[in-house]
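Could you walk me through this structure in my viewer, stop by stop? I would like to know what to select next and what is there.

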Amino acid sequence: MASMTIPQLKVILCGEYGVGKTSLFRRFTNDTFLDSTKMTTSQSRQSTLGLDHASRKYDVHGLKAIKLQLWDTGGLERVASITNSYYKFAEAALLVFSLNSLESFHCISQHLLEILSLAENAKIFLVGNKCDLHHEVTDSVIELFLEQFSKFDGVYKISCKTNEGVHEMFYDIAEKLASMSYKNNMDAFRLHSMDNSYCNGSSTKDFCCK
């Protein structure tokens, strides 16, 4: 019996510089955290420089395995030569802001428009990082934004520093994407099977003209 290939879905990180996208990428990749507050500005920028991606398999309850391939811009968000390829074929986008920075939250609408225009089929998840710090971005502010933009498939509050909510978030995203992926695969399989049955003359219906 032929087995189904494990789907590998491209997930991109979006948001302003300094909100913790690369810290989230590190948590996903090797479950580590690099404290940028103890680094110089030059060291901090150097530590996030360069486009990178990594994959991780998730065994989703009730479904088969799925692989998330997470992409990080590494501070190269505004380099035109990578923009289209970064967004291309993305099945999901994590729009990240800092819960302790109202300014970073005000910038997410622009990133949302870029996702909608360059990765129009991507599922979009809103991620508030640094939940271990004082919240400048309150629940009421987030709820008001969600009323204006109803494009999100999930909202999370996490801390890359303490690791709070990070693993749970990725598993939840994997579960949602797996459900979507396997549904699409099964729909395509059923359609293909129906087409073959008609071609082989095995349909129970008589389509001859009368």
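## Stop one: helix H5

Start with helix H5 (residues 108-118), whose buried residues are Ile108, His111, Leu112, Glu114 and Ile115. They span an arc of only 160° around the axis, so they sit on the same side of H5. Keep in mind as you go that this is a predicted model.

## Stop two: aromatic pairs

Now show the aromatic side chains. Searching the whole structure turns up 7 aromatic pairs. Select phenylalanine 125 and tyrosine 156: the ring centres are 6.3 Å apart and the planes are at 40°, so this pair is tilted. Phenylalanine 125 belongs to strand S5 (residues 123-129) and tyrosine 156 to strand S6 (residues 152-157), so the pair links distant parts of the chain, 31 residues apart. Both phenylalanine 125 and tyrosine 156 are buried.

Next, pick phenylalanine 145 and phenylalanine 152. This aromatic pair is tilted too, with 5.9 Å from centre to centre and 45° between the planes. Are these two residues buried or exposed? Phenylalanine 145 has a relative accessibility of 8% and therefore counts as buried; phenylalanine 152, at 15%, also counts as buried, because the cut-off for buried is under 20%.

Stay here and widen the selection to Phe97, Phe105, Phe145, Phe149 and Phe152, which ring pairs link into a cluster.

## Stop three: charges over rings

Two places are worth a look for a charged side chain over a ring face. Which residue lies over the face of tryptophan 71? Select lysine 10: it lies over that face, 4.7 Å from the ring centre. Then go to phenylalanine 28, where arginine 56 lies over the face of the ring at 5.8 Å from its centre.

## Stop four: salt bridges

How many salt bridges are there to find? The count comes to 4, and three stops follow.

- **Arginine 27 and aspartate 31.** Their side chains meet in a salt bridge, at 3.1 Å from N to O. Arginine 27 is buried, with a relative accessible area of 9%, whereas aspartate 31 is partly exposed, at 36%.
- **Aspartate 139 and lysine 157.** Here the side chains meet in a salt bridge at 2.2 Å, N to O. Aspartate 139 lies in helix H6 (residues 139-148) and lysine 157 in strand S6, so the pair ties together parts that are 18 residues apart in sequence. Aspartate 139 is partly exposed, with a relative accessible area of 44%, and lysine 157 is partly exposed, with 36%.
- **Lysine 176 and aspartate 172.** In this salt bridge the closest N and O atoms are 3.4 Å apart. Lysine 176 and aspartate 172 are 4 residues apart in helix H7, so about one helical turn separates them. Lysine 176 counts as partly exposed at 36% relative accessibility, and aspartate 172 counts as partly exposed at 23%.

## Last stop: glutamate 168

To finish, select glutamate 168, which has its place in helix H7 (residues 166-199). Glutamate 168 is exposed, with a relative accessible area of 54%. Now add isoleucine 158 to the selection: glutamate 168 and isoleucine 158 are 10 residues apart in sequence, and their C-alpha atoms are 9.4 Å apart in space.

Terms used
Residues numbered from 1 in each chain as written. Predicted model: local features only at pLDDT ≥ 70, side-chain atom pairs only at ≥ 80, totals over all residues. Heavy atoms only, no water. Phe/Tyr/Trp six-rings, centres within 6.5 Å; stacked < 30°, edge-to-face > 60°. Helix = DSSP H or I, 4+ residues; strand = E, 2+ residues; numbered from the N terminus. Buried < 20%, exposed > 50% of the residue type's maximum accessible area, 1.4 Å probe, protein only. Lys NZ or Arg CZ within 6 Å of the ring centre and 35° of its normal. Arc of directions from axis to C-beta.
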